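Here's a quick tour to read with the model open in your viewer. Take it a topic at a time and find each piece as you go.

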Amino acid sequence: MNDFVIHAASYLGPEGFGNDQTSLRAWPSPLKENLARGELDGLHWSLLSDSDPSRFLRMDLMCRLGFMAAELLAVNFDAMSDARRDRLGVCAESFTGSLDTDIRFAQTPRPSIFAYTLPSTVVGEICIRFRLKGPVLSLISPATNGANAIAEAVEWLRDGDAEMALCLGIEAMNGSTANSVSLPENLLSRDWHGAALLLGHSENSPREKPFVSGALAEVCRKLCSCRNPLAKSIR
Amino acid sequence: MGASLETAVNESAAAIAGCGSVSATGLGLEPLQSAVAANASALQRREFVIGKTSQSIVAGFVPDEIVEQLRAADSAHADSRAFLFAAAALKQAAKNAGRILDSVPAARRGFVLSTTKANIEALDKLVRRQSVSAVAQRQIQPAFLAADLAEQLDCRGPVQCVSAACISGLSALQQGAAIIRRGLADAVFVAGVDIISQFVLSGFNSLKSFDPEGCRPFDKSRIGLSLGEGAAAIVLVKRKLLSSSATLLSGCGTSNDANHLTGPSRDGSGLALAIRRALAKAGIAADEIDYVNAHGTGTPYNDNMESLALRSVFGDRVPPFSSNKGIFGHTLGAAGVLETVLCVAALENNLLPGTPRLRERDPVAPDSLLAKPRTATKLDCVLKINCGFGGTNAALVLEREAP
Amino acid sequence: MEALIDELKNKIIAALSLEHIRPADIKADEPIFGTGLGLDSIDSLELVSLLERDYGILIEEMSVAQKAFASVRTLAEFVAKNRKN
């Protein structure tokens, strides 16, 4: 039982947004040009969903990216039983974490954004949205590819701690926020994205789905250890 | 399960080899244990300017003389208190683990850090255009703080950084145990750290979360929490490396309430779920738990929810339980590790901790709440719980083996 | 007072991220909370924070806030009476 399946995948980034069922769609202009310049505040729920935007408007940038990445997978969650949602784990990984919001809060402290100065709040927002009660994990890593999250999710599946798992890789940093404080460049990530993978056991899915082997998880884990020389070389 | 398989499983279980701490009680386990034995509070009052007003805050501050002592010993990190606290706790834990670590090469040593805001006070200073050293700025980034601490310990195995609000500590311990169980390391240093900063003070203050007189967990007239700062560290080793009877991390569980964002789900079902998962992983029944160390922040909402969760899991036989946040405050990312260290001490001393600052128990709280410490008749199995922003919950089971 | 009421409507919309609401949608004498605006306890804390930041008014007890937040008009009267900026 060492093979696991990617049930669904989604992505939003400068190139566009989409999921495993659609091709990557370009952002509409002028949003497209703003996003390319690193101005991310215009990212909007309404591009993906007709449903009530009220929670979305309160969210910070990190949660919006994670939330939109998960929302692109909504059709998968909507089809799930409660029993499956109760054992669906969520694992988020980021390099910059909530830093964009931290900077904004440090500049103008406001109660409504304080809860978002944590890189784990995005996990909470997604669990609320899709009623997921599974194991949870929130990692900060020196690499920005979310591979640790995948490795941990595979372990959950292997150990039977979760029946399915949602892995999230999020990098959220608005250009103007980064420019407003003199932080070293290696603390910031000018690459922004939200990406989500829904993993499960191979027995539960149609055969056409791609496989993620347990061995790949091991390779990902080794790549993403904080002892990666990358962490040292960018002093 | 055959005897050899059971032995193999047990040999790679995570055992506790050493602990360390820095908190409002001072430097090391001795002042911490003294405070527990005396049921004393180390919370202090200090004035802070928050926004445009000066406010009086009661919190668990690490004493100034300790901060100065740590700065003097490591001037390169003088303005990174997060590093200083964590490094001090780790040094103690390594020392307490002793010779065991000599047999574990660097490549087989892992490291897991738990922190909510790392060296955030450096960001406060940058925003105010005050000068901050390069290393203090670097350690605003939790993964870099983790990397630097791991490097100081010469840990060349897996290194992870968990940032998951108030469950970070238990989550980090869960990761440490998993790293050992999966055979990726034979020893893992787990550290939790957070510092009191303008950033966090202004945040909780704006949410009106504080009790201006200091927290009173599970008290009938409680009105809020008190922050704390500090660090704690635990060295986990593969059970096989210990010759005498050990204290094991035998099971962990996490969950999400899937409910409101900053208040826990009203019925405590999310926390109850995390507890049940931990018990299942440990392979023990609820009635085998001898003591529960609660999250017990002192907010009306949290303590009520925990009471409901405990009743849900234990029925009308809730084990003796207490909250220690009246001693050192809510230390956020350090809490799970610091409070587990306290549980390890309880197991070693056969002393059940009380609930400092309690005046009158809230009738909603189960009556097995311990107001004062007391010697235990049987103390082998402890449940530690924490809950955090975002509806997250975590539970951990500690078991002391028979000698 | 009408100018202050308009100013407060705009600030409320901005502070509470009520993007789809226009000032004309908020009636000066109707309750701010417990209506279709869908506000919660964090929003009342956000308004308390706004009063401190923009008008220098420090509120210690939420019961004082609740009375002031009964409507935009009561809020304007509260601000006019207590403002330090």
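Which residues touch the most other members of the largest nonpolar core? They are B:Leu149, B:Ala191, B:Ala233 and B:Leu236, in a core that counts 239 residues. Bear in mind that this is a predicted model. The points below start with that core, then go through chain B, its contact with chain A, and chain C.

**The nonpolar core**

- Helix α4 of chain B (residues 81-97) gives this core its largest share, 11 residues.
- Both domains of chain B take part: domain 1 (7-241) and domain 2 (245-400) each put in at least three residues.
- To see what surrounds one of the top members, click on B:Leu149: leaving out residues up to four places away in sequence, B:Leu149 touches B:Phe83, B:Ala86, B:Ala87, B:Leu90, B:Phe111, B:Leu113 and B:Ala191.
- B:Ala191, one of those partners of B:Leu149, is itself among the residues that touch the most other core members.

**Chain B overall**

- Chain B contains 13 helices and 15 strands.
- Its radius of gyration comes out at 20 Å, close to the 22 Å that the globule rule gives for 403 residues, so chain B is as compact as a globular protein of that length.
- Measure it along the principal axes and the C-alpha trace of chain B spans about 65 × 50 × 40 Å.
- Buried residues account for 65% of the 403 in chain B.
- If you take the contacts in chain B with a separation of 6 or more, 80% of them link residues 24 or more positions apart.

**How the two domains of chain B meet**

- The domain assignment splits chain B into domain 1 (7-241) and domain 2 (245-400).
- Their C-alpha centres sit 20 Å apart.
- Domain 1 of chain B brings 66 residues to the contact, and domain 2 of chain B brings 59 residues.
- On the domain 1 side, the elements of chain B that give two or more residues are β1 (14-23), α2 (29-38), α8 (168-181), β7 (187-194) and β8 (230-238).
- Of these, α8(B) supplies the largest share of that side, with eight residues.
- By residue type, the domain 1 side that touches domain 2 of chain B has 37 nonpolar, 21 polar and eight charged residues.

**A hairpin in chain B**

- Look for strand β3 of chain B (residues 44-50), which is hardly covered: of its seven residues, the number that are buried is zero.
- β3(B) runs antiparallel to strand β4 of chain B (residues 53-59), and seven bridges join the pair.
- Where the two strands turn, B:Ile50 stands opposite B:Thr53 in β4(B).
- Two residues lie between the strands of this hairpin, and B:Gly51 takes a positive phi near 70° there.

**Where chain A meets chain B**

- The contact involves 43 residues of chain A and 44 residues of chain B.
- Within chain A, α6 (99-107), α7 (111-114), α8 (121-130) and β4 (136-140) each supply at least two residues to the side that touches chain B.
- That side of chain A is made up of 26 nonpolar, 10 polar and seven charged residues.

**Chain C**

- Chain C has four helices and zero strands, so its pattern along the sequence reads α-α-α-α.
- A compact globule of 85 residues would have a radius of gyration near 12 Å, and chain C agrees with its 12 Å.
- Its C-alpha atoms fill a box of roughly 30 × 25 × 20 Å along the principal axes.
- Of the 85 residues in chain C, 29% are buried.
- Residues 24 or more positions apart make up 63% of the contacts in chain C with a separation of 6 or more.

**One residue to look at in chain C**

- C:Ala65 lies in helix α3 of chain C (residues 62-68).
- Why does C:Ala65 count as partly exposed? C:Ala65 has 19 C-beta neighbours inside 10 Å, while a buried residue needs 20 or more.
- Setting aside neighbours within four places in sequence, C:Ala65 is in contact with C:Ser44, C:Val48 and C:Ile59.
- For a longer reach, C:Thr35 is 30 residues from C:Ala65 along the chain, and their C-alpha atoms are separated by 17 Å.

Terms used. Residues numbered from 1 in each chain as written. Chains lettered and ligands numbered in written order. Predicted model: local features only at pLDDT ≥ 70, side-chain atom pairs only at ≥ 80, totals over all residues. Contact = placed C-beta atoms within 7 Å. Nonpolar A, V, L, I, M, F, W, Y, C, P; charged D, E, K, R; others polar. Buried ≥ 20, exposed ≤ 12 C-beta atoms within 10 Å, placed from the backbone. Pairing = 2+ DSSP bridges. Rg over C-alpha atoms; globule rule 2.2 N^0.38 Å. Domains from an automatic or database assignment. Core = buried A, V, L, I, M, F, W, Y, C linked by C-beta atoms within 7 Å.
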